[in-house]
Amino acid sequence: MDREELTRRLMATFRPEVEEHLTTLSTGLLALEEGATDQLREQILAETFRAAHSLKGAARGVGVRDIESIAHALEDVLSAMKYATLLPSPEVVDRLLPALDMMREAMAAHLGGERLPADQLASLLASLAGTIDGSAPPEPASAPRSEKPAEEPAEEQRASPEPAPEASETPAASPATTALGDTIRVSTAKLDALMADTGELLAARMRSEKQLAELRELQQRLTRWSKSWRSVSGQLGSLRRADKGGRSRAISVRDVLPLIDFLALNEASLRTMAGGMSSLVALAASNLQGLTQLADTLQDDVRLLRMVPASSLVSRYPRMVRDLARERGKEVALRLEGGEIEIDRLVLETIADPLTHLLRNAADHGIESPARREASGKPRRGLVTVRIVQGGGTIVIEVSDDGAGIDSDAVRRCALARGLVTPESAGQLGELQARQLIFRSGVSTASAVTDLSGRGVGLDVVRENIDQLHGRIDVATTPGRGTIFTLTVPLTLATAHVLLAEVAGRIVAVPTTTVERILRVNPREAHSIDGQYALHLGGGPVALLSLAQTLGLPDSGSKTDNGSKRPTIALGSADRRRAFMVDSLLGTQEVVVKSLGWPLRRVRNVAGCCILGGGEVGIVLNVADLMEASPGELVTGAVAPEEQRADKRRILLVDDSITTRTLERNILENAGYLVVAAADGEEAWSLIRGERPGIVVTDVAMPRLDGVGLTRRIRADTALKDLPVVLVTSLASQEDRLRGLEAGADAYITKGTFDQHELLATLERLLG
Amino acid sequence: MAEITQGLTNEERILAERSRALARPPHVEADGEHTHSLVAFAVGGERYGIEIGFVQEIQPLPRKAFCRLPCVPLFVAGIVNIRGRIHTVIDVGVYFGLAPRPLAEAAHVLLIRTSGNGGAPVCEVGILADERPETLRIERDDLRPPPETVAEKVRGLIHGVSEEMMAFLDLEKLLMDPGMIVRDGE
């Protein structure tokens with residue numbers, strides 16, 4: 001292995017190591033600052049010291065001298081703390097934390113083949129040394145930073161407020177995300193599980209080999225049987241010939257004996273082969289079962305590999321909150337729960353920014369100044385909690401604070417001021433909807449816009465990111481008491497277990513985690529409350545809707561008003577429940593959920609799609625949206641033209657004479673058409689509007705509305721003007737014919753010359 | 001050549017000519033600044049063209065793997081699964097104001113990929129055609145500005161119109177048009 005290769009490999013292990021040590025150092029320093037009981041303090045101190053020490057050694061080993069120097073300086077400081085000559089006061093910690101940042105920068109610089117600017121390094125080292133001997137920090141602690149070529153806009157932010165909250169990540173945040181994206185730590189337990197799976201795979205292979213061997217043996221038996229047969233088949237031929245010509249010739253037993261022997265052999269062979277077949281079938285079945293199970297297990301185990309503990313994301317938060325609080329002159333404690341929960345890495349990466357943003361909001365925006373808090377009887381120290389909980393196939397993350405809460409009136413006013421809502425609708429907005437306004441770009445309730453938050457740009461981005469994951473975000477707030485943001489995201493993005501159903505000719509899917517019950521409902525039997533149908537399910541009324549109508553699709557089921565029961569799915573999301581009637585249920589399946597591509601960034605009611613067994617596409621529904629969707633809302637323009645496509649085999653036959661209708665119907669049905677009949681033009685017109693036929697065959701002379709009038713009406717209707725119309729009539733005069741054709745009929749057939757050929761030929765011509 | 005074809009029948013002559021034409025190496029003119037190679041397709045009776053560089057693939061729309069979406073604007077014909085990847089299928093005609101129509105029997109889909117230049121995202125999208133598209137070349141000089149009757153919105157998205165009334169689409173502009181992006185429910 002050459003030097004370069006060696007260096008590369010060393011770097012590959014060193015980088016994650018740096019991150020780990022820095023995390024330990026950060027956690028340790030903050031914990032020390034908090035102040036802990038003596039015993040705990042010693043332990044933390046020891047751990048922190050070890051981290052600095054290891055980091056120093058490792059850095060020396062790979063030749064990153066800057067990190068080595070800083071780590072060394074830190075070691076000295078921590079040593080002083082150990083011997084209690086130095087206390088970890090906030091001011092001291094203020095000077096130590098930048099050392100961590102700078103080590104990160106040094107790492108980044110080293111990867112770029114550079115080193116830290118010498119004066120910057122010197123300044124830091126002096127500052128660190130200064131903590132021990134109690135000298136004041138070097139004058140412009142921030143100035144060197146601004147001299148530095150700033151790839152880190154966040155760095156400069158400390159010195160002067162910068163816009164764009166997106167770039168407001170502390171230096172602690174940005175390199176960490178690279179670490180998250182680069183490599184992944186996998187526990188040996190997971191790898192062991194995979195090894196076990198490959199062992200299973202080996203067993204499956206052996207079973208398959210056995211199967212093949214048995215099949216081959218069976219094949220050989222058949223070959224042997226075949227040989228035996230060939231040796232006696234000649235016999236059969238000669239025996240047959242003995243019976244030819246109506247005369248039977250006598251044969252001796254000796255002639256037949258081979259055949260008899262063969263039959264005996266046959267019986268024995270078949271019996272053995274039957275036995276062999278049974279065992280083969282059993283073997284194949286058990287093999288298949290084994291493979292199926294293995295496939296599932298393997299899939300799960302590989303999926304688990306992608307999971308990382310949430311702590312890899314949240315571990316940077318204590319530092320961030322601390323720095324933020326100190327900057328703003330507030331006192332904020334951070335509590336983290338559930339860091340050990342594992343989340344799909346991609347999900348984690350996607351929620352990293354939103355979560356960070358929410359946290360900053362809470363610490364900066366939510367928690368009031370210590371003075372204000374005391375005045376309202378709260379403890380000086382505000383509390384921000386990040387709690388991660390796993391439930392079913394989802395992860396729920398709560399970011400809560402005990403701060404001032406969100407003033408929905410202020411939100412309303414702001415939205416109004418920004419022209420995001422009209423004055424009328426602003427007044428009509430309920431509490432919930434008013435709060436939802438904060439997720440719109442530009443809305444904020446901060447009276448003074450700070451550089452980090454309050455600018456109102458962030459929450460809409462948060463919402464977008466969460467949407468991307470097919471998750472949801474909710475906010476609950478009590479003015480004066482606090483706010484809770486709740487994010488719900490899927491545990492894994494890879495696959496989902498869904499229930500498939502058919503609706504308006506499409507296949508839709510909902511995650512089984514949202515399905516409460518499956519039932520059959522006769523809509524007539526449902527109760528009506530305020531004109532809205534409802535079922536009584538599990539302790540409360542549940543609104544009953546047609547899924548087709550909710551999606552803005554034509555509901556074929558409503559036409560069959562014969563009181564039959566329709567398959568219905570009761571869905572639940574958060575605390576809302578609704579039951580949806582569908583056309584049919586197609587079972588459950590594990591599917592890979594795919595996002596809709598460009599330009600469909602966000603479609604109401606649709607979360608994504610999936611590919612089913614035969615290559616068909618299923619529509620994965622967004623259950624949260626469905627809970628809020630208007631029941632019969634016809635989303636404008638969503639009715640696809642397909643629904644209006646005429647069934648070409650469908651003929652509307654109009655004649656006031658029942659005899660004629662029967663006669664013509666027979667002819668047409670025998671020719672393979674589907675016939676719907678009406679007795680006059682008016683009836684025909686309503687039938688046409690209900691379901692468009694492929695063609696209209698109509699008499700002329702009829703009560704109420706005659707054939708010509710009907711034709712005119714059809715031609716005058718924009719949707720129907722291309723509907724072919726054939727006039728079939730006994731009115732044979734030229735004027736009548738002209739009248740009919742002028743009205744727009746496509747053909748005029750006189751009954752006098754009526755024969756079925758002409759009618760059928762005309763129909764064929766017009767229907768194409 | 002003429003001497004040889006003398007003695008042949010009409011049919012034979014035609015066939016001979018055809019085989020000669022096929023035997024000729026294709027005359028590939030480099031697309032200069034002034035020539036564009038396009039894929040031309042028809043939608044709702046109107047013809048459009050797209051720079052050939054954007055077109056990854058053309059195939060008949062696989063009905064089984066195609067699905068219409070609810071709750072989307074009319075110009076989104078649906079989504080299609082091609083070799084495991086999902087593409088949105090856009091009806092350009094509807095986007096430009098035509099009434100939606102049922103899927104044509106011979107409907108085809110053009111798979112488009114944009115490169116991410118000029119602000120357009122790197123995206124893959126399907127474009128609906130009512131029948132099999134064809135390729136053709138046009139000279140920049142042959143392009144005329146769209147007629148007055150064409151809506152303002154449409155003008156900005158077209159490079160120009162050819163003599164045969166084929167509208168040469170500025171694909172990247174089209175895909176980035178605000179009306180094209182669906183962000184519903186916010």
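These legends walk through several close-up views of a predicted model.

**View 1. Six strands of chain B lie side by side in an open sheet.**
Reading across the sheet, the order is β3-β7-β8-β6-β5-β4 in chain B, and the pairing is mixed. Look at the edges, where β3 (55–60) and β4 (66–67) of chain B stand. Each of these two has a single partner strand, so one side of each is left without a neighbour in the sheet.

**View 2. Strands β7 and β8 of chain B pair in the antiparallel sense.**
Strand β7 covers residues 108–113 of chain B and strand β8 covers residues 124–129, and six bridges hold the pairing. To find one of the bridges, start at Ile112(B) and look across to Val125(B), its partner in β8(B). A salt bridge also connects the two strands: Arg113(B) in β7 meets Glu124(B) in β8. The closest N and O atoms of this pair are 2.8 Å apart, and the two residues are eleven apart along the chain. Is Arg113(B) buried or partly exposed? At 37% relative accessibility, Arg113(B) counts as partly exposed.

**View 3. Strand β11 of chain B is covered on both faces.**
On one side you will find Met166(B) and Phe168(B), and on the other Ala167(B) and Leu169(B); all of these are buried. Strand β2 (residues 46–51) of chain B runs parallel to β11(B), and three bridges join them. In that pairing, Tyr48(B) has Ala167(B) as its bridge partner. Three bridges also join β10(B) to β11(B), but here the strands run antiparallel. Ile158(B) stands opposite Leu169(B) in this part of the picture.

**View 4. A hairpin turn in chain B holds a residue with a positive phi.**
The hairpin is made by β10(B) and β11(B), with four residues between them. Which residue in the turn has the positive phi? It is Met165(B), with a phi of about 60 degrees although it is not a glycine. Most residues other than glycine have a negative phi. Met165(B) sits in the loop between β10 (158–161) and β11 (166–169) of chain B, and it is exposed, with a relative accessible area of 55%.

**View 5. Ala504 of chain A also has a positive phi.**
The phi of Ala504(A) is near 50 degrees, and this residue is not a glycine either. You can find Ala504(A) in the loop between β8 (495–503) and β9 (506–511) of chain A. Ala504(A) is buried, with a relative accessible area of 11%.

**View 6. Strand β22 of chain A is largely enclosed by the rest of the structure.**
Why is strand β22 (residues 693–698) of chain A described as largely enclosed? Six of its six residues are buried, so the rest of the structure largely encloses it. Its pairing with strand β23 (residues 725–729) of chain A is parallel and has three bridges. One place to look is Thr698(A), whose bridge partner in β23(A) is Leu727(A).

**View 7. A salt bridge joins Glu34 and Arg381 of chain A.**
The two side chains meet at 3.1 Å, N to O. Glu34(A) belongs to helix α1 (residues 3–34), while Arg381(A) is in the loop between α14 (370–375) and β4 (382–391) of chain A, so the pair ties together parts that are 347 residues apart in sequence. Glu34(A) is exposed, with a relative accessible area of 52%, whereas Arg381(A) is partly exposed at 36%. A search of the whole structure finds 42 salt bridges over all chains.

**View 8. Two surface patches, one negative and one nonpolar, complete the set.**
In chain B, Glu139(B), Asp141(B), Asp142(B) and Glu164(B) form a negative patch on the surface. Glu139(B) lies in strand β9 (residues 134–139) of chain B, and its relative accessible area of 31% makes it partly exposed. In chain A, the nonpolar patch consists of Val253(A), Leu257(A) and Ile260(A), with about 270 Å² of accessible area together. Ile260(A) is found in helix α10 (residues 253–305) of chain A, and it is partly exposed, with a relative accessible area of 45%.

Definitions and conventions. Residues numbered from 1 in each chain as written. Chains lettered and ligands numbered in written order. Predicted model: local features only at pLDDT ≥ 70, side-chain atom pairs only at ≥ 80, totals over all residues. Heavy atoms only, no water. Pairing = 2+ DSSP bridges. Patch = residues over 30% accessible without salt bridge, like charges linked within 9 Å, V, L, I, M, F, W, Y side chains within 5 Å. Areas by Shrake-Rupley, 256 points an atom, 1.4 Å probe, with all protein chains shown as cover. Salt bridge = Lys/Arg side-chain N within 4 Å of Asp/Glu carboxyl O. Lys, Arg positive; Asp, Glu negative; His and termini not counted. Charge placed at Lys NZ, Arg CZ, Asp CG, Glu CD. Buried < 20%, exposed > 50% of the residue type's maximum accessible area, 1.4 Å probe, protein only.
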